2 protein chains.
Amino acid sequence: MNALGKHLLLELKDCDEEVLNDLSFLKSAMLTAATEAGAIVLGESFHQFNPHGVSGAVIIAESHLFIHTWPEYGYAAVDIFTCGDSVQPGRAAEILIGKLGAKNHSILEIQRGILDLR
Amino acid sequence: MNALGKHLLLELKDCDEEVLNDLSFLKSAMLTAATEAGAIVLGESFHQFNPHGVSGAVIIAESHLFIHTWPEYGYAAVDIFTCGDSVQPGRAAEILIGKLGAKNHSILEIQRGILDLR
């Protein structure tokens, strides 16, 4: 019984606070993570919040990446949802942990779409 | 100790297969779910796949909603990630379960950003 998708939920703590408020940097980091993981990027949407924080989505042919940042807490929530075997979500996670300078992190992996296929 | 965000992961099974391949319907359903839940919509990005399937993100001021559909399996993965107390993610879930005609579903709730705030 296989799952259709693999979903990584990253909790990134003690990150570089300046980076967490830099929309251009985060967009570039997310797009790099997606392509380095072998994904095909279809679209993106990023938003800067006032007074601080960024949210952004990257839609890939193999599902999506998402980030929400709280610079005031040095924290970012990142999701990497992929389907198929052509993408390496772990590689995307590694890149983002590095680029955000997360001194602490955890990764929860959840299988999505576990179907009883006949 | 409070969490910054609440993340609902919905597994929607035995859905209406036609609906799962209808980008306009899904976009409208996701936007309705977001606004009915009390969220402020900031942006969206939806993509139709060939031969079937739709992926879509709605960025809200309070985080995001995401959907990926596999019409061939009658399955959709939906994420509802919210922060703050002004949004009712359970209401968005209820609306989407109804609109997609999911005969079976499960909801996993995960707290995001549990910080040791001093």
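**Exercise 1. Which strands of chain B does helix 1 (residues 23-36) of chain B lie across, and at about what angle does helix 1 run to strand 2 of chain B?**

Solution. Some conventions come first. The model is predicted, so local features need pLDDT of at least 70 and side-chain atom pairs count only at pLDDT 80 or more, whereas totals for chains, interfaces and linings use all residues; side-chain values use heavy atoms, with hydrogens and water left out. Residues are numbered from 1 along each chain as its sequence is written, and chains are lettered from A in the order in which they are written.

Step 1. Helices (H or I, at least four residues) and strands (E, at least two) are DSSP runs, numbered from the N terminus. Contact means heavy atoms within 4.5 Å.

Step 2. Helix 1 of chain B lies across strand 2, strand 3 and strand 4 of chain B. Its angle to strand 2 of chain B is about 155 degrees, where axes are lines fitted to C-alpha atoms, for helices over the stretch in contact, and angles run from 0 to 180 degrees between N-to-C directions.

Step 3. Helix 2 (residues 89-99) of chain B also packs on the sheet, where it touches strand 1 (3-13), strand 4, strand 5 (75-83) and strand 6 of chain B. The direction of helix 2 makes about 15 degrees with that of strand 1 of chain B.

**Exercise 2. Determine the strand order of the sheet in chain B and identify its edges.**

Solution.

Step 1. Two strands pair if DSSP finds at least two bridges between them. On this basis chain B holds an open sheet of six strands in the order 2-3-4-5-1-6, with antiparallel pairing.

Step 2. Strand 2 (41-48) and strand 6 (104-114) of chain B each have a single partner strand and stand at the edges, so one side of each lacks a neighbour in the sheet. On average, neighbouring strands are turned by 10 degrees against each other, direction ignored.

Step 3. Within this sheet, strand 3 (residues 54-60) and strand 4 (residues 63-70) of chain B pair in the antiparallel sense over six bridges. B:Ile59 stands opposite B:His64 of strand 4.

**Exercise 3. Establish how chain B is related to chain A.**

Solution.

Step 1. Copies are superposed by least squares on the C-alpha atoms of residues with pLDDT of at least 70 in both. A rotation of 180 degrees, with 0.0 Å of shift along its axis, places chain B on chain A with an RMSD of 0.0 Å.

Step 2. The two copies are therefore related as by a two-fold rotation axis. Both use the same surface, since 100% of the contact residues of chain B recur in chain A.

**Exercise 4. Characterise the interface of chain B and chain A.**

Solution.

Step 1. The contact takes 36 residues from chain B and 36 residues from chain A.

Step 2. Buried area is the accessible area (1.4 Å probe) that two parts lose on being put together, summed over both. The chains bury about 2,800 Å² between them, of which 72% is on carbon and sulfur atoms. B:Leu4, B:Ile59 and B:Arg112 supply 19% of the area that chain B buries against chain A, more than any other three residues.

Step 3. A salt bridge is a side-chain nitrogen of Lys or Arg within 4 Å of a carboxyl oxygen of Asp or Glu. Between chain B and chain A the count is four. In one of them, B:Arg112 is joined to A:Glu11, with the closest N and O atoms 2.6 Å apart.

Step 4. A:Arg112 and B:Glu11 likewise meet in a salt bridge (2.6 Å, N to O). A:Arg112 lies in strand 6 of chain A and B:Glu11 in strand 1 of chain B, so this pair joins two chains.
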